[in-house]
Amino acid sequence: MNARAVYLGEAEQVPTKDDKELELEIVRNLRKRCVESQRQISVALEAFPLDFQDQLNQYMDKRINGDLIHLIQ
């Protein structure tokens with residue numbers, strides 16, 4: 001909890017479902033601990049296809065929610 005940044009990497013050439021589940025578990029646990037200690041958390045994502053930028057912008061502007069973003073591809 002003293003870290004200013006946490007980087008989560010994955011094997012880009014051979015991503016597995018387990019990698020994604022572990023990453024999500026780590027972020028959820030960090031979020032829970034930050035809420036408990038009244039600290040802010042920011043999450044940055046990368047490596048989205050260029051043609052997905054408009055949907056990401058809509059999500060960040062809260063014009064669409066996380067459930068809907070999965071349907072737009």
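Entry 1: confidence. I note that pLDDT is the predictor's confidence in each residue, on a scale from 0 to 100. The structure I have open is a predicted model, and I therefore looked up this score before anything else. The chain has a mean pLDDT of 79, and 81% of its residues reach 70 or more. Among the elements, I find the highest mean in α1, at 86. The lowest mean belongs to helix α3, residues 66–69, at 68.

Entry 2: secondary structure. I counted three helices and zero strands. Along the sequence the pattern reads α-α-α. Helix α1 covers 17–36 and helix α2 covers 53–60.

Entry 3: burial and contacts. I looked up how much of the chain is buried: 11% of the 73 residues count as such. For the accessible surface of the chain I record about 7,000 Å², with 51% of this area belonging to carbon and sulfur atoms. I then turned to contacts between residues at least 6 apart in sequence; of these, 23% join residues at least 24 apart.

Entry 4: nonpolar patch. On the surface I located a nonpolar patch formed by Ile41, Val43, Leu45 and Phe48. Together these residues have about 380 Å² of accessible area. I followed Phe48 further and found this residue in the loop between α1 and α2. Is Phe48 buried, exposed or partly exposed? Its relative accessible area is 36%, so I enter Phe48 as partly exposed. The cut-offs I applied here are under 20% for buried and over 50% for exposed. A patch residue needs over 30% relative accessible area, and Phe48 qualifies on this criterion because its value is 36%.

Entry 5: salt bridges. How many salt bridges does the structure hold? I find two.

In one of them, Glu36 pairs with Lys32, and the closest N and O atoms are 3.3 Å apart. I asked how these two residues are placed in helix α1. They are four residues apart in that helix, which means that about one helical turn separates Glu36 from Lys32. I also checked accessibility for this pair: Glu36 and Lys32 are both exposed.

Another salt bridge links Arg63 to Asp61, with the closest N and O atoms 3.2 Å apart. For Arg63 I looked up the relative accessibility, which is 52%. Exposed means over 50%, so Arg63 counts as exposed.

Notes: Residues numbered from 1 in each chain as written. Predicted model: local features only at pLDDT ≥ 70, side-chain atom pairs only at ≥ 80, totals over all residues. Heavy atoms only, no water. Patch = residues over 30% accessible without salt bridge, like charges linked within 9 Å, V, L, I, M, F, W, Y side chains within 5 Å. Areas by Shrake-Rupley, 256 points an atom, 1.4 Å probe, with all protein chains shown as cover. Salt bridge = Lys/Arg side-chain N within 4 Å of Asp/Glu carboxyl O. Buried < 20%, exposed > 50% of the residue type's maximum accessible area, 1.4 Å probe, protein only. Contact = heavy atoms within 4.5 Å.
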